[in-house]
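Thanks for making the time, everyone. Please bring the structure up on your screens, and I will walk you through it step by step.

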Amino acid sequence: MLRTSAVLRLHAGALPPTREELLSGVAGCSGILSLLSDRIDAEVMDAAGDDLRVISNFAVGFNNIDLTEAERRCIPVGNTPDVLTEATADIAVGLILAAARQFRPAMQAVRDGGWRTWEPLGWIGQDLVGKTLGIIGMGRIGQAVAGRMQAGWRMRVLYTARRQPELPPHLAAQRVALEELLAQSDVVSIHVPLSEATRHFISRPQLRLMKPTAVLVNTARGEVIDQEALADALQSERIFAAGLDVCTPEPLPLDHPLQSLTNCLLLPHIGSATTQARAAMATRAAENILAGLAGRPLPYRVAPPTIAPQR
Ligand code: GLV
């Protein structure tokens, strides 16, 4: 899609560009198509130069982009909403089941010889049917997870949201305060974007409110959870288990405490990793670039932050 209308400068290789490669790579570019692993800030915008007309993130999340700086320079920022909702909700459900039923230690036992016989008390997990699900952040993905767990597992759904969302009629869910959600939920699933307001949203005081049998799942951004506090809570069995598709940093160092805890199940940020979702994300990211280069409104534009007028 892009080759027909633009000269492309591609970063080759499986790993993200170094900061130096990023800064030199964007020099003179009119558009930047970034991944969530690329920090796009004032320095990168400066390095691109005055021709920069659009930034298009290959992700629905955009915490890696300095929106205020882009807005100040009148550079629109695009993302890829909607097309990864179902794929990401599926991964959240997978993590809920896998963490609640101890997939990690059970699979490990199969591989390392720890599975010696059928044990009446071996790898006992938590039931889910009819239990309470707490959704932190009832946006598109939160609603999709809630819908699946209510329809399939008859779960009662509680949620927190900054603003009252318009929920689909088939979804029965109750908006409550975070403290109440944490105290009542058997499963807590995180779906808020990362911002200054949500960094370490789940830390020691919040984990202390959760049930000892509770499962915590995160498919949003790693920094929403205070990982040191989570490691302590899992280690001391303050909560039952966690299933994380995201962490900080990514990849998580092999010697990080969360790596060795058998009640912590980690995935390498694969929420949107299906053929259909990734192809649709690519299309949306390209459509945003093409619109920006042509000076048209981006079809999938991130709402710019409100900036106080400068005196
Ligand atoms: C993935 O995490 C995304 O934001 O698209």
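Buried residues account for 46% of the 311 residues in this protein, and I should say at once that what we are looking at is a predicted model. As for the surface that remains accessible, it comes to about 16,500 Å², and carbon and sulfur atoms contribute 55% of that.

Turning to the overall build, the protein has eleven helices and ten strands. Its radius of gyration is 21 Å, which is close to the 19 Å that the globule rule gives for 311 residues, and so the protein is as compact as a globular protein of that length. If you draw a box along the principal axes, the C-alpha atoms fill roughly 65 × 45 × 40 Å.

How does the chain connect with itself over distance in sequence? If we take the contacts between residues at least 6 apart in sequence, we find that 62% of them join residues at least 24 apart.

On charge, there are 30 positive and 31 negative side chains in the protein, and the centres of these two sets lie 5 Å apart.

Let me finish with one sheet, which is open and consists of three strands, with parallel pairing, in the order β1-β2-β3. Its edge strands are β1, at residues 31-34, and β3, at residues 77-78, each of which pairs on one side only. Strand β2, covering residues 54-57, pairs with β3 in the parallel sense over two bridges. Which residue in β3 is the bridge partner of S56? That partner is G78.

Methods: Residues are numbered from 1 along each chain as its sequence is written. This is a predicted model: local features need pLDDT of at least 70, side-chain atom pairs count only at pLDDT 80 or more; totals for chains, interfaces and linings use all residues. Side-chain values use heavy atoms; hydrogens and water are left out. Helices (H or I, at least four residues) and strands (E, at least two) are DSSP runs, numbered from the N terminus. The radius of gyration is taken over C-alpha atoms; the globule rule is 2.2 Å times the number of residues to the power 0.38. Buried means under 20% relative accessible area, exposed over 50%, partly exposed in between (1.4 Å probe, protein chains only). Contact means heavy atoms within 4.5 Å. Accessible areas come from the Shrake-Rupley method with a 1.4 Å probe; for residues, only the protein chains shown count as cover. Lys and Arg count as positive and Asp and Glu as negative; His and the chain ends are not counted. The place of a charge is taken as NZ of Lys, CZ of Arg, CG of Asp or CD of Glu. Two strands pair if DSSP finds at least two bridges between them.
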